[in-house]
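Me: Could you take a close look at one part of this model for me and walk me through what surrounds it? I'm in my first year, so please explain the terms as you go.

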Amino acid sequence: AYALTFFASDCYSELYGPEEAHKMVNVGFAMNFVLLALVYSTIAAPAAPFSSVDPATFEQVLGASLNIVVASLLAYVVSQHWDVRVFHAIREATGRDALWVRNVASTASSQLLDTLIFVFVGFAAMPALRGGDAMGLNALLGLVVGQYVLKLLIAVADTPFVYAVVGYLRSRGSAAPAARTAD
């Protein structure tokens, strides 16, 4: 599901420009904290007396480790802003042509950045900082390759949907072409 955020930011970037896209990324980042607050307040709430689920099991299933939360939030905010910047740098070079190049190239580069940050912060840096065991380099690289290949396939597969969304909204007058401005 997370890979779809790049699809959304590329559509938004194309339709409304880099400034609005950066605002959308920041709103998404803030909403991650709202989601965390909701999840942790649910964990903290007392279990219903008739519940057959043990509160410890409930917490184990819903509660993400600090490593994963920090890695995920950092990867999201850095890679999404990178995606918007690269998308608009390519747009400056191509004009309105080659939306597919903007979509695939910006998403491919930002997904690589996202994957590297998430894997190395979540499974190497944070565990080491907390006195735990970091994964070995081979295991980390295996995670990077596996995650990145899947994300890259999603980036390529979502291109027709980017064209469909952008075309539909422009045809309805719901969005003007994004101004060509340097980011």
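**A close look at helix H5**

Reply: Let's start with one residue: alanine 128 sits in helix H5. Here a helix is a DSSP run of H or I with at least four residues, a strand is a run of E with at least two, and both are numbered from the N terminus. What you're looking at is a predicted model, so local features need a pLDDT of at least 70 and side-chain atom pairs one of 80 or more, while totals for chains, interfaces and linings use all residues. Residues are numbered from 1 along each chain as its sequence is written, and side-chain values use heavy atoms, without hydrogens and water.

How open is alanine 128? With 47% relative accessibility, alanine 128 counts as partly exposed (buried is under 20% relative accessible area, exposed is over 50%, partly exposed lies in between, with a 1.4 Å probe and protein chains only). Follow the chain to leucine 113, 15 residues from alanine 128, and the two C-alpha atoms turn out to be 21 Å apart.

Now for H5 as a whole, which runs over residues 99-129. How far should the 31 residues of H5 reach? At 1.5 Å a residue they should span 45 Å, and the end C-alpha atoms of H5 are 42 Å apart, which agrees (the expected span is 1.5 Å times one less than the number of residues). H5 also has a kink of about 45°, with valine 121 at its centre; the bend at a residue is the angle between axes fitted to the seven residues ending there and the seven starting there.

Both ends of H5 are worth a glance. In the loop between H4 and H5 you'll find alanine 98. This alanine 98 has a positive phi of about 60°, although it isn't a glycine. Alanine 98 counts as partly exposed because its relative accessibility is 22%. Past the other end, just after H5, glycine 131 takes a positive phi of about 80°.

Next come the neighbours of H5. Helix H4, residues 66-94, packs with H5 at an angle of about 160°, and their axes are 7 Å apart. That makes H4 roughly antiparallel to H5. Axes are lines fitted to C-alpha atoms, for helices over the stretch in contact, and angles go from 0 to 180 degrees between N-to-C directions; under 35 degrees is roughly parallel, over 145 roughly antiparallel, 65 to 115 roughly perpendicular, and the rest oblique. H4 passes H5 in a right-handed crossing: right-handed means the near helix is turned clockwise from the far one by less than a right angle, left-handed anticlockwise. Sorted by class, the contact of H4 with H5 holds 22 nonpolar, ten polar and four charged residues (Ala, Val, Leu, Ile, Met, Phe, Trp, Tyr, Cys and Pro are nonpolar; Asp, Glu, Lys and Arg are charged; the others, Gly among them, are polar).

Glutamine 80 has its place in H4. Glutamine 80 is buried, with a relative accessible area of 1%. From glutamine 80 to glutamine 111 you'd walk 31 residues in sequence, yet their C-alpha atoms are 8.7 Å apart.

On to H6, residues 137-157: H5 and H6 pack at about 150°, with their axes 9 Å apart. H5 and H6 are therefore roughly antiparallel. Their contact has 18 nonpolar, five polar and two charged residues, and H5 and H6 cross in a right-handed way. What about H7, residues 159-171? H5 packs with H7 at about 130°, their axes 10 Å apart. That makes H5 oblique to H7, and the crossing of H5 and H7 is right-handed.

One last link leads to helix H1, residues 4-16, where alanine 8 is found. Alanine 8 counts as partly exposed, at 33% relative accessibility. Its C-alpha is 10 Å from that of asparagine 103, with their positions 95 residues apart in sequence.

Finally, step back to the whole chain. The protein chain has seven helices and zero strands, and from the N terminus on, its elements run α-α-α-α-α-α-α. Its C-alpha trace spans about 55 × 40 × 25 Å along the principal axes. Of the chain's 183 residues, 34% count as buried. Isoleucine 43, found in helix H2 (residues 18-44), counts as buried at 16% relative accessibility. Isoleucine 43 and cysteine 11 are 32 residues apart along the chain, and 35 Å separates their C-alpha atoms.
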